[in-house]
Amino acid sequence: MAGRQLACFITKRTGSRSLTDDPQRSGPPLLEVRDLNVRFGARGRSGEVTAVRGLSFSIAPGEILGLIGESGSGKTTVARAVMGLVRSATGSIRLQGREMLGLSERELRKVRRRLHLIFQDPYDSLHPGMRIREIVEEAMKIHRTGDRAHRTATVSAALEDVGLTPSSRFIERYPYQLSGGQRQRVAIARAMVLDPALVLADEPTSMLDLSLRSGILEILKRHRDTSGTGYLFITHDLALARHLCDRIAVMFGGKLVELGPTEAVITNPLHPYTKLLLQAVEELAPPAPQEPGGYRVSYPSGRVKECCATIDPELQEIAPGHYVACDQDDRSIPDKSLLEKEE
Ligand SMILES: Nc1ncnc2c1ncn2[C@@H]1O[C@H](COP(=O)(O)OP(=O)(O)OP(=O)(O)O)[C@@H](O)[C@H]1O
Ligand SMILES: [Mg+2]
């Protein structure tokens, strides 16, 4: 009951500022997701999966928002929903103020010009039968951008930008003639040629070794700095998120459980799952999908702690721009020591 009272209080507290906006930024958001829900499978049937529950966040122009969370927590589903690829999505997804949910396929194609999805696996995302020039050029052709000479010049410049120099060495090759890191650079070059308003990058560096990873992160940062493009950057890697992202959103069991400025989330994590991620403790039992919000934290000692089992807490702002959804009583003090004692 106390939890329900708290939830009412939370709704009032957010006042005029939209929940989950970054208080450091003014101006309209680039992307605004409100109360996003995604179910797969027929409702009420066995096999139904609630992949995303009541998710709200926004991304400002030029902002990199990191989306982290365990495997299966719904991160890719969020990116696919933003791309308009998930028909069962409900709620609201506004890109530059325009509602995307409910658009026809024709209208969506136009909106997608302002979006780009970079996949985890460069092997999957590049057509093996196409030359690098064709791959990078393809999106420009589909969207009828410029003539052939303009397109070739744009492709060369983009390849040079991502460090594939001289571009003449790469432009006529096929994907199998490149290394994994070079292929991912091609995927990023392709994302950049259309200068999208928003890039959705789904684990784009997880298959790369450390040296390539940092090179690619620098490319993405530079692109953000020069173009003002916003990024939703999905990763399992907190160190990487710390290096790259302005804010971090943490998903757990289809729900956003923490959101805040990167340094605040890393140095002062509030949700038990974020704390466990930071401590690299992996003994976290999977959430039960039929019990909204309920989950268990298992500690190496064998102790099990039930969290949020009876209520489904909403995000509450604990410090400016730092939100957590958790039914623990003491929210204001980071209880790292308590967590350590539990272990
Ligand atoms: N098309 C689909 N049909 C049915 N279930 C799906 C579908 N796509 C995803 N799911 C389920 O939705 C949940 C979230 O999946 P999602 O791919 O979004 O997770 P993720 O956070 O990206 O995981 P990972 O870190 O492993 O990539 C999972 O339980 C998954 O099995
Ligand atoms: Mg995924």
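The shell around ligand 1 comprises three nonpolar, seven polar and one charged residues. In this predicted model, the residues surrounding ligand 1 are Phe-40, Val-49, Ala-51, Gly-69, Ser-71, Gly-72, Ser-73, Gly-74, Lys-75, Thr-76 and Thr-77. Two or more residues of the shell are contributed by each of strand 2 (49-59) and helix 2 (75-82). Helix 2 accounts for the largest share of the shell around ligand 1, with three residues.

Strand 2 also belongs to an open sheet, in which four strands are arranged in the order 2-1-4-5. The pairing within this sheet is antiparallel. In general, the strands of a sheet pair through backbone hydrogen bonds, in either a parallel or an antiparallel manner. Strand 2 and strand 5 (98-99) form the edges of the sheet, each pairing on one side only. Strand 5 is joined by two bridges to strand 4 (residues 90-95), and these two strands run antiparallel. Across this pairing, Leu-95 stands opposite Arg-98 in strand 5.

With regard to model confidence, the mean pLDDT of the protein is 79, and 77% of the residues reach 70 or more. Two stretches with pLDDT below 50 may be noted, namely residues 281-291 and residues 330-343. Beyond near neighbours in sequence, the stretch 281-291 has 18 contacts in the model, while the stretch 330-343 has 17 contacts.

Note on methods
Residues are numbered from 1 along each chain as its sequence is written. Chains are lettered from A and ligands numbered from 1 in the order in which they are written. This is a predicted model: local features need pLDDT of at least 70, side-chain atom pairs count only at pLDDT 80 or more; totals for chains, interfaces and linings use all residues. pLDDT is the predictor's confidence in each residue, from 0 to 100. Two residues are in contact if their C-beta atoms, placed from the backbone, lie within 7 Å. A residue is near a molecule or strand if its C-beta atom, placed from the backbone, lies within 6 Å of it. Ala, Val, Leu, Ile, Met, Phe, Trp, Tyr, Cys and Pro count as nonpolar, Asp, Glu, Lys and Arg as charged, and the others, Gly among them, as polar. Two strands pair if DSSP finds at least two bridges between them.
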